[in-house]
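Dear colleague,

I am passing on the structure we spoke about, and I would be glad if you could look through it with the notes below beside you.

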Amino acid sequence: MKMDVLLGLQWGDEGKGKIVDVLAPQYEVVARFQGGPNAGHTLEFDGIKHVLHQIPSGIFRSQILNIIGNGVVLDPIILKREIDGLGKFSIDYQKNLVVSKKATIIIPTHKLLDAAYEQSKGDKKIGSTLKGIGPTYQDKIGRSALRIGDILSPDFREKYELLLDKHKTTLSFYNFPLDQLAEMEASFFEAIEFVKTLNLIDSEYVVNEALASNKRILAEGAQGSLLDVDFGSYPFVTSSNTMTAGACTGLGVAPSRIGQVFGIFKAYCTRVGSGPFPTELFDATGEAMRKEGNEFGSTTGRPRRCGWLDLPALKYSIMINGVTELFMMKADVLNIFEEINICTHYELPTGEKVDKLMFEITDMEVKPVYKKMKGWHCSLANVRSYDEFPVELKDYVSYLEEELKVPIKLVSVGPDRVQTIMR
Ligand code: GDP
Ligand code: IMO
Ligand code: MG
């Protein structure tokens, strides 16, 4: 059996959580492979809304084994809080949730460092979620991080103190106050005791043995391809590989064992935090999109920047991920517009039109070139099949398929599980 991968093709928040939950009945395992509590994945069913940050989105399906993989950076405090918050769902964590011993631990000073680095950048700040993601991956690559397996070792406290000293030196360089540290540490060590009670495993064996015994695995991406540390709009990115290749390193699965790659995109674009966004709308249209799409961050509550769909960016994401099926989300948000724009090219300051995300483009003021399409301008609330789609929405889907050369197999018309149309 091969492992399928589901990931965001834009700047995150495409609706990954909803779709993992929708697809979960077809799988036996759901696994997170990168990122950490910077993610906020929303699921809605039976009139209730849940936002998951670190727990994979298969957790509400009792037959699913949910894996937090080695590529993830894990905040024990947030994990404990998340699990406590799901108390009423009688989820059997011993059976349904496992954590890789090779996942990296976010310690309290990683969060302080995140804040110190952002403050020092002034108006060049990345707009990080301040969950400690960048500093933790920095320590992982710098070979000084703590991993989940370390918490079982008798000298965990000494290992912790060693890393803490290193962080304190850096924080004093930035003159960053440590007043909150004692309180954060108390919660951290309490949460570490809790994490010890979870099922901590060598997840690469579990994943590969599952594939060998023909079990179906879905890898759940966090963030989006345009936030990838190699291919996103660097430096305005997150610190992990958010792409299909990240699922290989983040779970220990060989590239030859990747099956379908489901690429999720919104029918328009959003971004939280700083960085280039060529189709961003600063006017009433952007404001209307934000209001209609309820575009406020699931993790930080910040208003999301909104703009029209960007085809050069989408084509780039499809290319680097090897997307085999596209899922278009939040089509209903465009109901309010009589006319819809789609960016087909960027016009460079020289007047040249390109449809590629070359290295230089991050620092350029580019002008989006738009194709205009007639909007459907009606509610999709009661639409339950593709045949019931208004003709303008069918045209939108067909045009995108023609341009992107990948079939759009799913269109989402609302946040609830049931508002999902398969084609
Ligand atoms: P994720 O990070 O990719 O899982 O996405 P988020 O959960 O951060 O943001 C997506 C938001 O859109 C959530 O509030 C979802 O409930 C909501 N959502 C998902 N699909 C749809 C849709 O088709 N229509 C509308 N209106 N909202 C949706
Ligand atoms: P999900 O999984 C949207 C953005 C932040 C910031 C940049 C770096 O819900 O799609 P970081 O905290 O990683 O150092 O922030 O990345 N960002 C996200 N934007 N959705 C996310 O996750 C994000 N995770 C990080 O806003 O611009
Ligand atoms: Mg999100």
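In this predicted model, the side chain of Asn38 places an N or O atom 2.9 Å from an oxygen atom of ligand 2. Backbone atoms take part as well, since an oxygen of ligand 2 lies 2.8 Å from a polar backbone atom of Gln223, and an oxygen of the ligand is 3.1 Å from a polar backbone atom of Val272. Taken alone, ligand 2 would expose 550 Å², and the protein buries 97% of that area. There are 21 residues around this ligand, and those that come nearest are Asp13, Lys16, His41, Thr129 and Thr238. As for its location, ligand 2 sits in the largest pocket.

Asp13 also belongs to the metal site, where the magnesium ion (ligand 3) is coordinated by an OD atom of Asp13 and the backbone O of Gly40, at 2.0 to 2.2 Å. These two residues are 27 residues apart and link distant parts of the chain, with Asp13 in the loop between strand S1 (3–8) and helix H1 (16–23), and Gly40 in the loop between strand S2 (29–32) and strand S3 (41–45). Are the two residues buried or exposed? Asp13 has a relative accessibility of 22% and therefore counts as partly exposed, the cut-off for buried being under 20%, whereas Gly40, at 11%, is buried.

Turning to ligand 1, we find 20 residues surrounding it, the closest being Lys16, Thr42, Ser298, Asp332 and Ser412. Its polar contacts with the backbone include one from an oxygen of ligand 1 to a polar atom of Glu14 at 3.1 Å, another to a backbone N or O atom of Gly17 at 2.9 Å, and one to a polar backbone atom of Gly414 at 3.0 Å. On its own ligand 1 has 590 Å² of accessible area, of which the protein covers 94%. The elements that contribute two or more residues to the shell around ligand 1 are H1 and S3.

One further element may interest you, namely helix H2, which spans residues 76–85. Seven of its ten residues are buried, so the helix is largely enclosed by the rest of the structure; the buried residues are Pro76, Ile77, Ile78, Leu79, Lys80, Glu82 and Ile83. The N-terminal end of H2 is capped by Asp75, which has a side-chain oxygen 2.9 Å from the backbone nitrogen of Ile77.

With best wishes

Terms used:
Residues numbered from 1 in each chain as written. Chains lettered and ligands numbered in written order. Predicted model: local features only at pLDDT ≥ 70, side-chain atom pairs only at ≥ 80, totals over all residues. Heavy atoms only, no water. Donors = N, O, S within 2.8 Å, 3.2 Å for Na, K, Ca; no water. Helix = DSSP H or I, 4+ residues; strand = E, 2+ residues; numbered from the N terminus. Buried < 20%, exposed > 50% of the residue type's maximum accessible area, 1.4 Å probe, protein only. Near = heavy atom within 4 Å. Polar contact = N/O pair within 3.5 Å; in protein donor to acceptor, adjacent residues only side chain to side chain. Areas by Shrake-Rupley, 256 points an atom, 1.4 Å probe, with all protein chains shown as cover. 1 Å grid on protein atoms, 1.4 Å probe; cavity = no way out; pocket = protein on both sides within 12 Å on 5 of 7 lines; lining within 4 Å. Sits in = over half its atoms within 2 Å of the grid points.
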